[in-house]
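Biologist: I'm new to this one, and I'd like to hear the reasoning behind the labels. Can we go through it together?

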Amino acid sequence: MTGTAIAPGASAGLLVLGMHRSGTSALARVLGLCGADLGARVLGASAGNQTGHWEDAVAVELHERLLAALGLRWDDPVSLPADWLDGEAARHALWAAKDPRLGLFADAWERAAGQLGLPLSALVLLRHPAEVARSLSVRDGIAPGRGLLLWLEYTLASLETAARLPHVVVGYDQLLADWRGVLARIAGLPGCATLASPDARASSGVSEFLDPALRHHRAAGDDSLPGPLREAWQSLRQCVDGTHSISEVLPGLRARLAPVRELLQPVLE
């Protein structure tokens, strides 16, 4: 999905959305290498992400404070209160490029961008839920069932946000296999035209950064997923390949959330 052009020299924003361990860090780094400003205090590498998180430390801290004010953590597989934006916790002006919590607090980002007159677009990173759950289990000790439910919650929140904005849906496999093609699609969003033709230095940096050897988890297929999750993932792949839009798959994803919660409830207790 593309948006309208903006005036030369005007600022534009990109929200990099997606579940933890889905490749949002990799995409943010690619955008940074190709000229996007990721913020003044970018989080570097950690034990769970050796190539860096590439997210603004201030934005992460604000998101954590918002969650704490609501009595939640990032790994609580529950939706935010419907009226959270009207409460005390939401009275912050936020702007950054990437943090998996962005999808949860997108209303605040959209409000802030609107007040600044800033064109805002969304990028959604999608990765196989089994790979995400396995990665969360290894890094954080999160039970696979809980990881799958977290994947669905964050993914649904990201898609709800993207549906309201000019957006591009990117598959993790697509990013690793053809990052230039991914950038070409992103370049169609407002203010992103320069991403279509990265210079030689940027291209070399991206090619060196996206090392396939850093991918530690690969799903064998969809059969191991619970039925509702398998159906959800199959619908999402249609967004990745462009055969269906987000608005076409969202109703089905919303309908699947309740039975998935019921199916995985034992791992939450």
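Modeller: Let's begin with a rule: a salt bridge is a side-chain nitrogen of Lys or Arg within 4 Å of a carboxyl oxygen of Asp or Glu. Also, this is a predicted model, where local features need pLDDT of at least 70, side-chain atom pairs count only at pLDDT 80 or more, and totals for chains, interfaces and linings use all residues. Residues are numbered from 1 along each chain as its sequence is written, and side-chain values use heavy atoms, with hydrogens and water left out.

Biologist: What makes Arg237 and Asp222 a salt bridge?

Modeller: Their closest N and O atoms are 2.8 Å apart, and the rule asks for within 4 Å, so the label fits. Arg237 sits in helix 9 and Asp222 in the loop between helix 8 and helix 9, 15 residues apart. Helices here are DSSP runs of H or I with at least four residues, strands are runs of E with at least two, and both are numbered from the N terminus.

Biologist: Why is Asp222 called buried?

Modeller: Buried means under 20% relative accessible area, exposed over 50%, and partly exposed in between (1.4 Å probe, protein chains only). Asp222 has 12%, so it counts as buried. Its partner Arg237 comes out at 35%, so that one is partly exposed.

Biologist: What else does the side chain of Asp222 do?

Modeller: It makes a polar contact with the side chain of His128, at 2.8 Å. The rule is a pair of N or O atoms within 3.5 Å; within protein, one must be able to donate a hydrogen and the other to accept it, and residues adjacent in sequence count only if both atoms are side-chain atoms.

Biologist: How many salt bridges are there?

Modeller: The structure holds 4. One of them joins Glu110 and Arg164, at 2.5 Å from N to O. Glu110 is in helix 3 (residues 106–116) and Arg164 in the loop between helix 5 and strand 3, so the pair ties together parts 54 residues apart in sequence. Another of them joins Glu160 and Arg254, at 2.7 Å. That pair links helix 5 to helix 10 (residues 246–264), across 94 residues.

Biologist: Why are Trp151 and Trp233 called edge-to-face?

Modeller: Rings of Phe, Tyr and Trp (its six-membered ring) pair if their centres lie within 6.5 Å; planes under 30 degrees apart count as stacked, over 60 as edge-to-face and the rest as tilted. The structure holds 1 aromatic pair. In it, the centres of Trp151 and Trp233 are 6.1 Å apart and the planes stand at 65°, so edge-to-face is the right name. Trp151 lies in helix 5 and Trp233 in helix 9, so the pair ties together parts 82 residues apart in sequence. Trp151 is buried at 0% relative accessibility, and Trp233 is buried at 7%.

Biologist: Why is strand 2 described as largely enclosed?

Modeller: Because 7 of its 7 residues are buried. Leu120, Ala122, Val124 and Leu126 face one side, while Ser121, Leu123 and Leu125 face the other.

Biologist: How do you know that strand 1 and strand 2 pair?

Modeller: Two strands pair if DSSP finds at least two bridges between them. Strand 1 and strand 2 have 5, in the parallel sense, so they qualify. Strand 2 is also joined to strand 3 (residues 167–171) by 5 bridges, again parallel.

Biologist: And how many disulfides does the rule give?

Modeller: A disulfide is a pair of cysteine sulfur atoms within 2.5 Å, and by this rule the count is 0.
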